Amino acid sequence: MPFATAVPQVTAPHTAAATRSPGEVDNRAAYIGFGLAYVFGHGSAALSKGTSPLLDLPGWLPMALLGAGLAAGTVQATRAALRAQRGAAGPDLLSGKLLGASWLIGFAALFLAITGLSSAVEMPDLQSMLWPTGSGLIVGLLYVSEGAARRNVLHYGLGVWLALTSTAALFLGTPGLYWVLAIAGGGAYAVATVLERRRLGIR
């Protein structure tokens with residue numbers, strides 16, 4: 001009767017260790033897009049609004065510059081989120097999808113809040129104050145959620161800064177709030193872009 005030989009089973013290496021952690025997503029392109037939106041969009045609004053504007057710019061120009069920068073930043077942020085989901089396990093994949101949906105939900109809620117409040121209170125300048133500051137609040141809180149989910153302290157800290165400075169800017173009215181958003185927000189994105197490079201260890 002032949003002896004049965006025990007053959008050790010060779011298992012494939014765990015693929016999760018070879019995949020990129022969701023916290024290691026390169027956010028620099030998104031930071032640059034949003035930073036330019038803050039500097040040029042809010043900066044041009046700060047220069048052209050108020051009782052004694054420094055520049056005579058068309059009323060549509062600041063919003064157009066802001067919208068172009070926000071669109072570019074949103075595209076880059078979406079691409080970064082999609083890269084984070086590659087090779088992710090079930091829970092991480094679900095978390096990424098929920099965070100992505102949060103952007104749509106957050107801005108839809110902001111639209112309803114500002115539209116409803118503007119219709120209830122007769123203040124013509126209310127929307128021009130609430131949209132830039134409210135957008136900063138929503139983006140900041142989304143960054144806080146993403147930073148916590150991906151264990152990215154830099155992303156989390158940037159979100160805290162944007163949320164607090166955007167809402168505090170409301171105390172200054174126009175054009176003061178635009179100066180705060182352009183300098184504090186745009187400057188924060190510039191610093192975050194540099195720190196993101198160091199965080200990723202890119203030379």
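## A walk through a six-helix chain

Start by selecting Glu196: this residue is buried, with a relative accessible area of 0%. Keep in mind as you look around that the model is predicted.

**First stop: Glu196 and its partner**

With Glu196 still highlighted, add Arg199 to the selection. The two form a salt bridge, and their closest N and O atoms are 2.9 Å apart. Side chains of opposite charge can pair when their charged atoms come close. Both Glu196 and Arg199 belong to helix H6, where three residues, about one turn of the helix, separate them. Is Arg199 buried like Glu196, or is Arg199 partly exposed? Arg199 is partly exposed, because its relative accessible area is 31%.

How many salt bridges does the structure hold? There are two. To see the other one, select Arg28 and Asp26: the closest N and O atoms of this pair are 2.7 Å apart.

**Second stop: the whole chain**

Now zoom out and switch to a cartoon view. You should find six helices and zero strands, so reading along the sequence gives the pattern α-α-α-α-α-α. The chain has 203 residues, and 36% of them are buried. If you show contacts between residues at least 6 apart in sequence, 73% of them join residues at least 24 apart. Turn on the surface next: the chain exposes about 12100 Å², with carbon and sulfur atoms supplying 69% of that area.

**Third stop: helices H5 and H6**

Select residues 153-168 for helix H5 and residues 173-200 for helix H6; their axes come within 10 Å and cross at roughly 175°. Angles over 145 degrees count as roughly antiparallel, which means H5 is roughly antiparallel to H6.

Which residues of H5 meet H6? On the H5 side, show Leu154, Leu158, Trp161, Leu162, Thr165 and Ser166. Their counterparts in H6 include Val180, Leu181, Ala184, Gly185, Ala188 and Tyr189. Glu196 and Arg199, the pair from your first stop, are also among the H6 residues that meet H5.

While you are here, pick Val153, which lies in helix H5. Val153 counts as exposed because its relative accessibility is 69%. Draw a distance from its C-alpha to that of Arg199: the two are 46 residues apart in sequence and 9.9 Å apart in space.

**Fourth stop: His42**

Move on to helix H1, residues 28-48, and select His42, which lies in this helix. Would you expect His42 to be buried or exposed? His42 is buried, because its relative accessible area is 3%, and buried means under 20%. What does His42 touch, leaving aside residues up to four places away in sequence? Show Ala37, Leu66, Pro132, Tyr178, Leu181 and Ala182. One of these, Leu181, is a residue you have met already, as part of the H6 side that meets H5.

**Last stop: a nonpolar patch**

Stay with helix H1 and bring the surface back. Select Ile32, Leu36, Val39, Phe40 and Leu65, which make a nonpolar surface patch of about 430 Å². Which helix supplies the largest share of the patch? Helix H1 does, with four residues.

One of the patch residues is Val39, whose place is in helix H1. Val39 is partly exposed, because its relative accessible area is 40%. For a last look, colour Val39 and His42 in contrasting shades: Val39 is partly exposed, whereas His42 is buried.

Note on methods:
Residues numbered from 1 in each chain as written. Predicted model: local features only at pLDDT ≥ 70, side-chain atom pairs only at ≥ 80, totals over all residues. Heavy atoms only, no water. Helix = DSSP H or I, 4+ residues; strand = E, 2+ residues; numbered from the N terminus. Buried < 20%, exposed > 50% of the residue type's maximum accessible area, 1.4 Å probe, protein only. Contact = heavy atoms within 4.5 Å. Areas by Shrake-Rupley, 256 points an atom, 1.4 Å probe, with all protein chains shown as cover. Patch = residues over 30% accessible without salt bridge, like charges linked within 9 Å, V, L, I, M, F, W, Y side chains within 5 Å. Salt bridge = Lys/Arg side-chain N within 4 Å of Asp/Glu carboxyl O. Axes fitted to C-alpha atoms, helices over the stretch in contact; angles between N-to-C directions. Parallel < 35°, antiparallel > 145°, perpendicular 65-115°, else oblique.
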